[in-house]
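Got the viewer open and a hand on the mouse? Let's take a walk through this one, stop by stop.

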Amino acid sequence: MSSLLRLATAGSVDDGKSTLVGRLLYDTKSVLADQLDAVTRASVDKGLSTPDLSLLVDGLRSEREQGITIDVAYRYFATPRRSFVLADTPGHVQYTRNTVTGASTAQLAVLLVDARKGVIEQTRRHAAVLALLGVPNLVLAVNKIDLVGYDEATFTVIAEEFAEHAASLGYERGSVLAVPVSALVGDNVAEKSAKTPWYSGPTLLEHLETVPVAPDPHDSAFRFPVQYVIRPRTADHPDYRGYAGQIAAGTVRPGDEIVVLPQGIRSRVEGIDTADGPLAEAGAGTSVTLLLTDDVDISRGDLIAAADRQPTVTDEITATLCWLSAKALKPGARVLVKHGTRTVQALVGELHARFDEQTLSSVDDPGTLELNDIGRVTLRLAEEIGVDDYGVSPRTGAFLVIDPKDGDTLAAGLVGERFA
């Protein structure tokens, strides 16, 4: 079982995400005494008799005053069984783009609903985004179960409705769990609640500690975006030429045949250097410097890949875009595409379809993509790049669309057709 779980929370406004995250931090003893004292004082100032645990997460003053989360807050906590990196994402519709950011690397997402309201439009929108991003595991936390009298029938209706929606997005029942919780009082968060004797499943924390997650794909095809070319030219290392970066996917060993893209030049790995010394093997997520047997013209932005399992080299990609800007996207727009360590100019071609996350259908030829829209688009690049389908290799199947005028991020892109 993996010792680290990356997870994200999502949900609608006032579903209690920040309170739930605060409860997890509090119950796992991940809160420093001075932090808890500050929260207790702030809660007293608000006229509350118990600490408002949401204040442990809503760190910005504007968030605290409004009682909302407007940014992605990353939190770290641990239990004896596992360590966690949690992204608490916003609930407002206009901040759906932040949910894309927070969930982009998640192995599991906790999606909250208010037991009084059930599955709503924003719930379905978030579930669709999580499915498009390929988040493999979902937990539906039916929060505020205390406010409906711990009613089993209410929970069952919500859980079954969401399970049906998740199944239509491609999730198998085994990858979706519904848990009745009360973040405010702690029911079924870290400890089983005596008030829900009809619920026989695990607590939220127990599930987070035990859910199987796939390790980094070391058996995937090797991919290595070059970040920097190291040439010391010193007396000790007059001819040293190394290519530094982080392995995006797969495993590499000395002797492996590789290809440098987009040039298509082949060579072999001579050695793998790190700050701690040479390695006999390195896998996904490891930062290394590769030495090759041949003198090859390589620069930042090139992709070193397994010679026998190469990505597609192309100057035109059809991709799913999660549009993150208030400026609408139209055909003919000039943009920058940042893929790995390479940034190239691009022209927006056809807007093939827009995904309707409520009906789970597509609208053909939408004309534009607006803020928070998800659409299938063709981009024509000024230079060739080596890409994979996002479903095969997420790190080399994802990219950013950037405004060339001001450098703002316009969209997150996923190579391939993520919806019909």
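Before we set off, one definition: two strands count as paired if DSSP finds at least two bridges between them. Also keep in mind that this is a predicted model.

**Stop 1: a long-strand pairing**

Select strand 16 (residues 312-323) and strand 20 (residues 374-387). They run antiparallel and are joined by 10 bridges. Want a pair to click on? Thr312 stands opposite Val387 in strand 20. Now add strand 22 (residues 409-415), which is antiparallel to strand 16 and joined to it by 5 bridges. Here, Leu321 has Gly413 of strand 22 as its bridge partner.

**Stop 2: the seven-strand sheet**

Next, bring up the open sheet of 7 strands. Going across, the order is 7-15-11-12-14-9-8, and the pairing is antiparallel. Which strands stand at the edges? They are strand 7 (223-225) and strand 8 (228-230); each has a single partner strand, so one side of each is left without a neighbour in the sheet. Tilt the view and look for the twist, which averages 40 degrees from one strand to the next.

Zoom in on strand 7. Its pairing with strand 15 (residues 303-306) is antiparallel and covers 3 bridges. In that pairing, Phe224 has Ile304 as its bridge partner in strand 15.

**Stop 3: Arg223**

Stay in strand 7 and click on Arg223, which lies there. Is Arg223 buried or exposed? Arg223 is buried, at a relative accessible area of 3%, which is below the 20% limit for that label. Show what surrounds Arg223: leaving out residues up to four places away in sequence, Arg223 touches a list of residues that includes Ile247, Ala248, Leu303, Ile304, Arg309, Asp388 and Thr396. For a sense of scale, draw a line from the C-alpha atom of Arg223 to that of Val142: it spans 40 Å, and the two residues are 81 apart along the chain.

**Stop 4: aromatic rings**

Now colour the aromatic side chains. The whole structure holds 4 aromatic pairs. Start with Phe155 and Tyr199, an edge-to-face pair with 6.2 Å centre to centre and 80 degrees between the planes. Phe155 sits in helix 6, while Tyr199 sits in the loop between strand 6 (176-180) and helix 7 (204-210), so the pair ties together parts that are 44 residues apart in sequence. Phe155 is buried at 9% relative accessibility, and Tyr199 is buried with a relative accessible area of 9%.

Then go to Phe222 and Phe224. What kind of pair do their rings make? The pair is stacked, because the planes meet at 15 degrees, with the centres 6.3 Å apart. Phe222 is buried at 5% relative accessibility, and Phe224 is buried too, at 0%.

Before moving on, add Trp198 to the selection: ring pairs link Phe155, Trp198 and Tyr199 into a cluster.

**Stop 5: two helices crossing**

Finish with helix 5 (residues 121-132) and helix 6 (residues 152-168). They pack at an angle of about 35 degrees, and their axes are 10 Å apart. The crossing of helix 5 and helix 6 is right-handed. To see what makes the contact, select Thr123, Arg124 and Ala127 from helix 5, then Glu161, Phe162 and His165 from helix 6. Sorted by type, the residues of this contact are 2 nonpolar, 2 polar and 2 charged.

Key. Residues are numbered from 1 along each chain as its sequence is written. This is a predicted model: local features need pLDDT of at least 70, side-chain atom pairs count only at pLDDT 80 or more; totals for chains, interfaces and linings use all residues. Side-chain values use heavy atoms; hydrogens and water are left out. Axes are lines fitted to C-alpha atoms, for helices over the stretch in contact, and angles run from 0 to 180 degrees between N-to-C directions. Helices (H or I, at least four residues) and strands (E, at least two) are DSSP runs, numbered from the N terminus. A crossing is left-handed if the near helix is turned anticlockwise from the far one by less than a right angle, and right-handed if clockwise. Contact means heavy atoms within 4.5 Å. Ala, Val, Leu, Ile, Met, Phe, Trp, Tyr, Cys and Pro count as nonpolar, Asp, Glu, Lys and Arg as charged, and the others, Gly among them, as polar. Rings of Phe, Tyr and Trp (its six-membered ring) pair if their centres lie within 6.5 Å; planes under 30 degrees apart count as stacked, over 60 as edge-to-face and the rest as tilted. Buried means under 20% relative accessible area, exposed over 50%, partly exposed in between (1.4 Å probe, protein chains only).
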